[in-house]
Amino acid sequence: MKQRVKRKRRAKIFRLKWGRIIFLLVLICAFFYFVLSRSVFNISEILVEGNDKISKEDILEASNLSNDDNYFFLNKKKAKENLESLKYVKLVNIKRKLPFKIEINITEREACAMFPVNEKYMLIDSDGIILEIVDNFTTNFALIRGLKLNDNLTEGENIANFIKSEEQKQFLNSILNSNIFEKTNAITFDDKKIDLVMNKDINVAFGGYNNVDYKIKVLNKILEDVEINNIKANMILMEEGSRPILVTD
């Protein structure tokens, strides 16, 4: 009986002790929250780095950050998600800098290819993201022709979402992520074959949609040999026999 009373008394003391500790911790947290949430700890300046095509004003508006926001309670995750919704934004890094400054570092997408749509051209980057519509063709980018596309192409979306042909989709994804794309001037898709024009006007009869990744690796090796040995090549035939044929002057 006495032992039971002692156990109850110890349990009561234990609850009171921890109750006081928790209450004290809540008070401390509330105190710091009250102090740190004062306007004196608001963001003093927002720095934007790495932007070229996107204006600082558009970045600040999209981030939803301002000097009215608290430096310590900044929601970096939400601001980053907001910025990544911009079509030209590839990567975002947001850092706190003393005293009470925020730095937004942007890595922008760069157009690398274009394809004709309704007498205009759409630009895409190496990830296949549709960046914008332009009026005129420029030789700065690879020209892609013959894609079978759905209607309602949307800027900021991946071109792969609008390509009807799975074979064309696979090839475009493979070549965009290959070493030879930077050497490519033009790609022409047909129902059964693909033709390329490389740097120095080397025409490539790539052939059908079979063994795409393997043929891209072989083509890359041929182009490297052409460059290293200064070969004056006119055409590369990828499927004219058991091995590719290099046609020279």
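**Notebook: salt bridges, helix contacts and backbone outliers**

**Entry 1. The K95 pair.** I began with K95, which is partly exposed at a relative accessible area of 38%. I note at the outset that the model is predicted. The side chain of K95 meets that of E103 in a salt bridge, with 3.5 Å from N to O. I then looked up the partner: E103 has a relative accessible area of 10%, and because the limit for buried is under 20%, E103 counts as buried. The pair therefore joins a partly exposed lysine to a buried glutamate.

**Entry 2. Overall figures.** I recorded the totals next. The secondary structure comprises five helices and twelve strands. The protein has 249 residues, of which 34% count as buried. I also looked up the sequence range of the contacts: among those between residues at least 6 apart in sequence, 44% join residues at least 24 apart.

**Entry 3. Other salt bridges.** How many salt bridges does a search of the whole structure find? The search returns 13. Side chains of opposite charge can pair when their charged atoms come close. I examined further cases, as follows.

I looked up K148 and found a salt bridge to D191, with the closest N and O atoms 2.9 Å apart. K148 sits in the loop between β7 (142-145) and α4 (166-176), whereas D191 sits in the loop between β8 (184-189) and β9 (194-198), so this pair ties together parts that are 43 residues apart in sequence. K148 is partly exposed, its relative accessible area being 40%.

I then turned to D225 and K221, whose salt bridge has its closest N and O atoms 3.1 Å apart. Both residues belong to helix α5 (residues 212-228), and because they are four residues apart there, about one helical turn separates them. I checked the accessibility of each partner: D225 is partly exposed at 29%, and K221 is partly exposed at 47%.

I also noted a network of salt bridges that links K90, R109, D125 and D127.

**Entry 4. Helices α2 and α3.** At what angle do the axes of α2 and α3 cross? For α2 (residues 56-63) and α3 (residues 76-84) I recorded a crossing at roughly 130 degrees, with the axes coming within 8 Å. The angle makes α2 oblique to α3, because it falls outside the ranges counted as roughly parallel, roughly antiparallel or roughly perpendicular. The handedness of this crossing is right-handed. On the α2 side the contact is made by I59, A62 and S63, and on the α3 side by A79, N82 and L83. I sorted these residues by type: four are nonpolar, two are polar and none is charged.

**Entry 5. Helices α4 and α5.** The axes of α4 and α5 come within 10 Å and cross at roughly 35 degrees. I recorded this crossing, too, as right-handed. Q170, F171, S174 and I175 of α4 meet V212, D213 and I216 of α5. By type, the contact divides into four nonpolar residues, two polar and one charged.

I followed one of these residues further. S174 belongs to helix α4 and is buried, with a relative accessible area of 12%. Setting aside residues up to four places away in sequence, S174 touches V212, D213 and I216.

**Entry 6. I187 in β8.** Is I187 buried or exposed? I187, a residue of strand β8, is buried, at a relative accessible area of 0%. Beyond four places in sequence, I listed its contacts as L143, I144, R145, F171, I175, F181, I194, D195 and L196. I also looked up the separation from F115: the two C-alpha atoms are 9.6 Å apart, and the residues are 72 apart along the chain.

**Entry 7. Backbone exceptions.** Most residues other than glycine have a negative phi, and most peptide bonds are trans. I therefore recorded the exceptions below with reference to that general pattern.

- The peptide bond from L98 to P99 is cis, with omega near -5 degrees. P99 is placed in the loop between β2 (89-97) and β3 (101-108).
- E119 is not a glycine, yet has a positive phi of about 65 degrees. I located E119 in the loop between β4 (111-117) and β5 (120-125), and found E119 exposed, with a relative accessible area of 80%.
- K200, also not a glycine, has a positive phi of about 65 degrees. K200 lies in the loop between β9 and β10 (202-207) and counts as exposed at 67% relative accessibility.

Technical notes
Residues numbered from 1 in each chain as written. Predicted model: local features only at pLDDT ≥ 70, side-chain atom pairs only at ≥ 80, totals over all residues. Heavy atoms only, no water. Axes fitted to C-alpha atoms, helices over the stretch in contact; angles between N-to-C directions. Helix = DSSP H or I, 4+ residues; strand = E, 2+ residues; numbered from the N terminus. Parallel < 35°, antiparallel > 145°, perpendicular 65-115°, else oblique. Left-handed = near helix turned anticlockwise from the far one by under 90°. Contact = heavy atoms within 4.5 Å. Nonpolar A, V, L, I, M, F, W, Y, C, P; charged D, E, K, R; others polar. Salt bridge = Lys/Arg side-chain N within 4 Å of Asp/Glu carboxyl O. Buried < 20%, exposed > 50% of the residue type's maximum accessible area, 1.4 Å probe, protein only.
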